[in-house]
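Trainee: I am new to this structure and would like a close look at a single part of it. Could you walk me through one helix and then show me how the rest is laid out around it?

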Amino acid sequence: MFKAAEGGQLRLLSDTDIKKIHETSMKILEDTGMKIKNADARKIFAENGAEVDEETHIVKIPREMVMKAVESAPSKVILYGKEEKNDLHLEKTRTHLGTGGTVLYALDLETGKKRPTETKDVRDIARMVDYCNNTSFYVINTYPQDVPDSASDVNRFYWGLTNTNKHVMGGMYTMEGLKGAIDIAEQVAGGADELRKRPIASFIVLMISPLIMDDLYSDFLIEIAKKGLPVVVSSEPLAGATSPVTIAGTIAINNAETLAGITLTQLVNPGTPILYGSTSSIMDMREGTYMAGAVESAMINAGISQMTQFYDLPMYGTAGMSDSKTIDTQAGYESAITAMTVALSGSNYIHDSVGLLEMCQVFSYDKMVIDNEILGNVLRVMDGITVNDDTLALDVIQRVGPGGHYLSDDHTVAHVRNEFFMPKIADRQTRIRWEEGGSKTTEERARKVVDRILKKHVPKPVHPELKAKIRSQYPGIMGDELY
C-alpha cells in the first residue's frame, strides 16, 4: 500500500542541541583529527589544505573544508530501480525502508536451524524484496559462504541485480570485486553511461570508530567517487565501547567520522552522490556485545537524522533489527519500536529493517515477511491523518444521523481501502474462526507467504543471453538460475 512517506514528526534534539553537536564534531576534526591509513587519501587532504602528520597518519581537517564538501554534495540523491516505479527519491525527510546487514547465517526453511548463508540466499532474498510491497530496496544482506572470499562481491551483486527490479546496494570486500560489481551493474543497466544516468546499484564504505579511515575502504571510496556513482559513507560507533557511552557523544563522533568520509568523496569528485550513513548502536554493558534492537540505537539514528537535515544531506540509517534468537515477542517489539522511531525522525533510507535476528547475525525468511507487515504499519502512521471536508464527513454524519450505521455507505466504500492498513500476516479473526482454521501462529502464517513467494514469484527477468555472458566473464559466480 505505502512505499514511502514523509518523516520528521519526531525531533529528539532542539535546534540548540544540533548546533552544539555540530560544533563538537568540527572541533574533533580540527583539533583531534582522523587517523587516515591510506596514503592517497592523506595526499588528497594535504593538497587541499588539511594538516597531515605522515608519521602518525593523523589528518586534521579544517571546518571550511568540511562545509565546502557538504555544500558540493547533492541534497537530493535518486537511487534507481530497473523500473521507474521503484526509483527512490532521497531528500529532506522522505523515508524508505528495506533490507540490510551482512549476515553469515540464515534460519533454514526446512529444519529451522541456523546454517551458513549461500548464494541461493542472495538470490532468494532478492526475489523476496522484489515481492514485498513495503520493502523498498535491496541492501545485499547475506555473505555467501559457498564461494571463495575472492568471488563474494561478484556473486552478491550478480544474484542481487538479476533477481529484483528494486535498487541494489552492497558493501565490498576486495578492489577486484568492487570493479567486477560495477562492471556487472553496467552490463545489466545497458552500459556505463546508462548506469551513471540511472544508477541501479550503489555501494557502502565504512569509517572505523573511533576516528579511523581504513586503508582499503579509502581505496574503495576514491574509486567509487572517481566514477561518480552513489556511495554511502557510514560510521558505526558503539556507545560505551568505540564512542562515549552517552548518546550525545556518540552522535558527535559519528557525525565527525561520516563528515570526514564525505569530505574525501567531494575532494576527489565534487558532486559525487553520497548518503550520510549511520549504523551506530550501543554495547550491552553486562554482556560486552553489540546490541541491534536497543531503543538507544534508534535514538542515536533519530538524532543523526536531524543532523543530516541540518546539513541538507540524504541519510542512510539503521533500524528494525532484533537481538532475539527466534521469532518471538521480543523480535516483534524491538523491530517495531526501532523502525517506527527512526522512520518518524525522517531518515531517508533505513536499512536492516527486515529479517534480522541475533544481534544482526542471522537472517530469517519468516521474519522478513512479518517485518514487511510491520513496515506497512509504520508507513501508515507516517502517512498521517488527512483532514478536509471529505474526510471530516459532516454531510455523511448528518445524513446517517443518530442510531444509523456507516457500513454500506458510499463514503465508507470510497475510503476504507485507503484509510485502513490491511494486514496479510496478522490474525484478526474471532477465536472460533481462528481455531477452525487450525490455530495458526504468526510464524506459521508467515511461512505460508514465504513458500508462495519462493515457489511462484518471478521478477521481471534479465535476458538469459546477458546472464550467460556475465557468467562466462566471471566464472567465480556460483549457483543455479531459476528462470
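Mentor: Here is a walk through helix α3, followed by the whole chain and a few loops. The model is predicted, so to speak of local features a pLDDT of at least 70 is needed, side-chain atom pairs count only at pLDDT 80 or more, and totals for chains, interfaces and linings use all residues. Residues are numbered from 1 along each chain as its sequence is written, and side-chain values use heavy atoms, with hydrogens and water left out.

Let us start with the helix. Helix α3 spans residues 63-72, and within α3 the residues Met65, Val66, Ala69 and Val70 are buried. Helices here are DSSP runs of H or I with at least four residues, strands are runs of E with at least two, and both are numbered from the N terminus. Buried means under 20% relative accessible area, exposed means over 50%, and partly exposed lies in between, using a 1.4 Å probe and protein chains only. Those four buried residues sit on the same side of α3 because they cover an arc of only 140 degrees around the axis; the arc is that of the directions from the helix axis to the C-beta atoms. On the other side of α3 you will find Glu64, Lys68 and Glu71, which are exposed. What covers the buried residues of α3? The cover includes α1 (15-32), α2 (39-47), α9 (247-268) and α10 (295-311), where contact means heavy atoms within 4.5 Å.

One residue of that buried set also appears in the surroundings of a loop. Ala50 is found in the loop between α2 and β3 (51-53), and at 10% relative accessibility Ala50 counts as buried. Leaving aside neighbours within four places in sequence, Ala50 is in contact with Phe45, Val59, Lys60, Pro62 and Met65. For a sense of distance, Ala50 and Ser136 are 86 residues apart in sequence and 39 Å apart in space, C-alpha to C-alpha.

Following β3 onward, His57 is found in the loop between β3 and β4 (58-60). The phi of His57 is near 70 degrees, a positive value in a residue other than glycine, and at 24% relative accessibility His57 counts as partly exposed. Lys92 has a positive phi as well, near 50 degrees, and is likewise a residue other than glycine. The place of Lys92 is in the loop between β6 (88-90) and β7 (94-97), where Lys92 is exposed, with a relative accessible area of 52%.

Now step back to the whole chain. The protein chain has 18 helices and 22 strands, and 53% of its 483 residues count as buried. A compact globule with 483 residues would have a radius of gyration near 23 Å, and the protein chain agrees with this at 23 Å; that radius is taken over C-alpha atoms, and the globule rule is 2.2 Å times the number of residues to the power 0.38. Along the principal axes, the C-alpha atoms fill a box of roughly 80 × 55 × 50 Å. Among contacts with a separation of 6 or more, 75% come from residues 24 or more positions apart. The domain assignment gives domain 1 (5-15 + 69-383) and domain 2 (389-419), with bounds that come from an automatic or database domain assignment. The C-alpha centres of domain 1 and domain 2 lie 42 Å apart.

Another loop is worth a visit, the one between β19 (315-318) and α11 (329-345), where Ser322 is found. Ser322 counts as buried, at 0% relative accessibility. A polar contact of 2.8 Å joins the side chains of Ser322 and Glu334; such a contact is a pair of N or O atoms within 3.5 Å, and within protein one must be able to donate a hydrogen and the other to accept it, while residues adjacent in sequence count only if both atoms are side-chain atoms. Not counting residues up to four places away in sequence, Ser322 touches a set of residues including Ala331, Leu357 and Lys367. Thr326 lies in the loop between β19 and α11 too, and at 40% relative accessibility Thr326 counts as partly exposed. With the same exclusion of residues up to four places away in sequence, Thr326 touches Ala331 and Leu357.
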